[in-house]
Amino acid sequence: MTELAVLPDREGRVGTLFDRALGAYLGLAIGDALGATVEFMTPREIAARHGVHREIVGGGWLQLAPGQVTDDTTMSLALGAALLRGEALGRPFDTQLIADAFVAWWRGRPVDCGHTCRRGIQRYLLDGSLEGPPHDGDAGNGALMRMLPAALATIGDDEAFARVAIAQAHITHHHPLSDAAVLGIGRLLHAVLAGAGEAAQSETITHLVAAQPAFRFEPYAGRASGYVVDTVQTVLHAFTTHAGFEDCVIAAVNRGDDADTTGALVGMLAGARCGARALPRRWLSRLNREVLQQITDQASALVALALAPRRAIPIPID
Ligand code: MN
Ligand code: MN
């Protein structure tokens, strides 16, 4: 594990995989906490109230405490906990454990829950099915926003990543654009975590857009809604236009609309690119302490899970 955790990137820099993984997870929470203040506002409303919105101050339509996160982060934590629990129980990547974790999350009265997520969780409660039929209304960004733990737990194993990422997605969202977003952004995250340099990153992004042309973000249409196509375009535009973590996240959240989710996803990618050690102190210190602790614990455990020697697959008894 120690040898594998230290990987030189394409430019020969040595960074730790763990630092990048933790940077991604903390970046997600930072973007969520920062963006939630201006969620559902227009850029014009944001400018009138905040100038450029750049501090974690809470508030917003959810009336959050400063540093409080929303469903993007708390559903990710639920997914991460389910993946770790599955490993501990000898039921690796068991979708039912993930669905159960979403139910427990929902019963814990989360600060917010998207309509499509709620409908999927209620369907599972009603009939136990782990996915609904394909549905035109399922192209929201709810499955994309929480897929980070699936990517961390499957570093170096694209087949496992695709399986787990889509299984967790289909519990609530069953739509080809949601699937393409989950896979495309997840594979980009894997590339960044592996230390891909700028050229390799843009090659990955080119593949992503070629596979699903709806995600084309040049020229950028400027929409940042909860429609997964708008979300992916906004995230990729902010991620590729700005090099620094702060600049990326500020650019995304000041577009308003689904600002916590675009902030979370660009924070995830930019946090993986810069690593946890380079995250802005003033934002990290504002983040809810309990969330910070859970993220730190999960990031190391999920990376360890991914790097552990593959165990024999347990034979089902029943
Ligand atoms: Mn949210
Ligand atoms: Mn949102």
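What span should the 16 residues of helix α13 (residues 259-274) have at 1.5 Å a residue, and how far apart are its end C-alpha atoms? The expected span (1.5 Å times one less than the number of residues) is 22 Å, and the end C-alpha atoms are 21 Å apart, which agrees. This is a predicted model, in which local features need pLDDT of at least 70, side-chain atom pairs count only at pLDDT 80 or more, and totals for chains, interfaces and linings use all residues. Residues are numbered from 1 along each chain as its sequence is written, chains are lettered from A and ligands numbered from 1 in the order in which they are written, and side-chain values use heavy atoms, with hydrogens and water left out.

**Fold and dimensions**
- The protein chain has 15 helices and two strands (DSSP runs of H or I, at least four residues, and of E, at least two, numbered from the N terminus).
- Its radius of gyration, taken over C-alpha atoms, is 18 Å, close to the 20 Å of the globule rule for 318 residues, so the chain is as compact as a globular protein of that length; the rule is 2.2 Å times the number of residues to the power 0.38.
- The C-alpha trace spans about 60 × 50 × 40 Å along its principal axes.

**Burial and contacts**
- Of the 318 residues, 56% are buried (under 20% relative accessible area, 1.4 Å probe, protein chains only).
- Among contacts (heavy atoms within 4.5 Å) with a separation of 6 or more, 73% join residues 24 or more positions apart.

**Helix α13**
- In α13, 14 of the 16 residues are buried, so the helix is largely enclosed by the rest of the structure.
- Gly275, just after α13, has a positive phi of about 85 degrees.

Conventions: Buried < 20%, exposed > 50% of the residue type's maximum accessible area, 1.4 Å probe, protein only.
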